[in-house]
Amino acid sequence: MTNKQNGSYVAVSAGMLLAGHISVRAKKIVEEADIVLSLMPHPIAENWLASISNKHISLQSYYGEGKHRKQSYDEMIQRILDEVKQGKNVCGVFYGHAGVFAWVPHESVRLARGEGYSAYMEPGISAEACLYSDLGIDPGSFGIHSYEASQFLFYGHQPNVTSYLLLWQVALAGETTARTFKTSRRNLEIFVEYLLQWYPKEHKIILYEAAFLPLDKVRKDELNLEDLPMAKLNLHTTMVVPPAKKMSINKELVEKLGLDELLMNDKQQQV
């Protein structure tokens, strides 16, 4: 029987666009693994993985409406570790970047390492990377702050209204049961009420979804903040809140640095 030193695990990032964003290195890992376990958003992606791997198993079956997501995640992780403990070279394939808003890849790597196995995460193209390209946003221009929507609400985060605010998983904003994949309209109304402390109700926001299949269109719907509770939201919808105010020079700091304010203004305009 193979000892545990022969087992290994790699959490691979598949990128956003099916078969188009995965790196050459990541694809090679998939092709050479003894078994591939995937958590992908579409059966077409699972079929593609099955076609390029020695053996493929989907982890989607561990989800269930009314089933606590933590239980689903724990079962997925256990299945991955069970394969590793059999001495196999195991590959987990995850949508987008495996390390972004993803408990299973992080925890499975951590636990495998803790038990003495070789385990690491292979990076990839995330939804945020696609967002910058699709919406023409340079995070260096005004700055970016990024939160999971419910965390932003529950922990009283406050936005810097001179920069972009990215709110992930807005379709679950305020949802606390972890047993459903959508929130209520009332929760979204409370979410909007919270944001109205800093933004006017007619402030334009963008609902963004990266393309997954080659023929998919990027979603970049613009609407007023007050209209969010009526909008169609999917699990992969990201809410983008553009700046509400212009940046202003910190005059006291500029003076301390001995910099000319006009020079700083020119630099700000060129960013």
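## Close-up views of two domains and the pocket between them

**View 1. Two domains in one chain.** In this predicted model, the C-alpha centres of domain 1 and domain 2 lie 27 Å apart. The contact draws on 17 residues from domain 1 and 18 residues from domain 2. If you want to find the two parts along the chain, domain 1 covers 8–121 and domain 2 covers 127–241.

**View 2. The surface where the domains meet.** Between them, domain 1 and domain 2 bury about 1600 Å². Of this area, 66% is on carbon and sulfur atoms. Which three residues of domain 1 supply more of its area buried against domain 2 than any other three? They are Met 16, Arg 69 and Phe 101, and together they supply 41% of that area.

**View 3. A salt bridge between Arg 69 and Glu 175.** Side chains of opposite charge can pair when their charged atoms come close. Here the side chains of Arg 69 and Glu 175 form a salt bridge, with 3.7 Å from N to O. Between domain 1 and domain 2, the count is one salt bridge.

**View 4. The largest pocket.** Rolling a probe the size of a water molecule over the atoms shows where empty space is left. The largest pocket has a volume of about 1500 Å³. Helix 3 (69–85), helix 4 (103–114), helix 5 (127–135) and strand 8 (204–209) are the elements that each give two or more residues to its lining. Where does the pocket lie? Domain 1 and domain 2 both give residues to the lining, so the largest pocket lies between them.

**View 5. A look at the pocket lining.** In total, 46 residues line the largest pocket. Nearest its centre are Tyr 63, Tyr 73, Phe 101, Gln 169 and Leu 235. You have already met Phe 101 among the residues that domain 1 buries against domain 2. Sorted by class, the lining has 24 nonpolar, 14 polar and eight charged residues. Helix 4 gives the largest share, four residues.

**View 6. A salt bridge within helix 3.** The side chains of Glu 83 and Arg 79 also meet in a salt bridge, at 3.1 Å from N to O. Both residues sit in helix 3, four residues apart, or about one turn of the helix. The count for the model comes to 15 salt bridges.

Conventions
Residues are numbered from 1 along each chain as its sequence is written. This is a predicted model: local features need pLDDT of at least 70, side-chain atom pairs count only at pLDDT 80 or more; totals for chains, interfaces and linings use all residues. Side-chain values use heavy atoms; hydrogens and water are left out. On a 1 Å grid over the protein atoms alone, a cavity is a set of points where a 1.4 Å probe fits but cannot get out, and a pocket is an open set with protein on both sides within 12 Å along at least five of seven lines; lining residues have an atom within 4 Å of a point. Grid points are joined across faces, edges and corners, and a volume is the space filled by probe spheres set on the points. Ala, Val, Leu, Ile, Met, Phe, Trp, Tyr, Cys and Pro count as nonpolar, Asp, Glu, Lys and Arg as charged, and the others, Gly among them, as polar. Domain bounds come from an automatic or database domain assignment. Contact means heavy atoms within 4.5 Å. Buried area is the accessible area (1.4 Å probe) that two parts lose on being put together, summed over both. A salt bridge is a side-chain nitrogen of Lys or Arg within 4 Å of a carboxyl oxygen of Asp or Glu.
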